Amino acid sequence: MDYSRLSMPLGEAIFTQRSIRRFRPDPIPLADVRLILEAAVRAPNGGNQQIARFLVVTDRGTIREFGALYYEAWWAKRRDEGFKKRDDLPPRFYT
């Protein structure tokens, strides 16, 4: 595995970090997915309990199904918090 592909100065990693809301449709090479997961498995976590589990889904139809389920679950939680529609949400939810 070519770990050098993950090298970046710490300052650059900190100051260029941003939220991504739109993704390109290009498939990610399987070697890159493995490298990302390898890094994630070794990343520090709360209490060093290593409780994270990863599921890699590459089938477009399955991704769409998960997207719909996630959307419904997200809004179910917002409704429990008293929000009825997008206009009710504070800006932190969509900016």
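This passage describes the overall form of a predicted model and its two largest pockets.

In this predicted model, local features need pLDDT of at least 70 and side-chain atom pairs count only at pLDDT 80 or more, whereas totals for chains, interfaces and linings use all residues. Residues are numbered from 1 along each chain as its sequence is written, and side-chain values use heavy atoms, with hydrogens and water left out.

The secondary structure comprises three helices and zero strands, where helices (H or I, at least four residues) and strands (E, at least two) are DSSP runs numbered from the N terminus. The chain has a radius of gyration of 17 Å, against a value near 12 Å for a compact globule of 95 residues; the radius is taken over C-alpha atoms, and the globule rule is 2.2 Å times the number of residues to the power 0.38. Along the principal axes, the C-alpha atoms fill a box of roughly 45 × 35 × 30 Å.

Pockets were defined on a 1 Å grid over the protein atoms alone, as open sets of points where a 1.4 Å probe fits, with protein on both sides within 12 Å along at least five of seven lines; lining residues have an atom within 4 Å of a point. A volume is the space filled by probe spheres set on the points, which are joined across faces, edges and corners. The largest pocket has a volume of about 670 Å³, and of its 18 lining residues, Ile28, Val56, Val57, Thr58 and Ile63 are the closest to its centre. Helix H2 (30-42) and helix H3 (60-80) each give two or more residues to this lining. The second largest pocket holds about 400 Å³ and is lined by Leu6, Ser7, Met8, Arg18, Ile20, Phe23 and Ile28.
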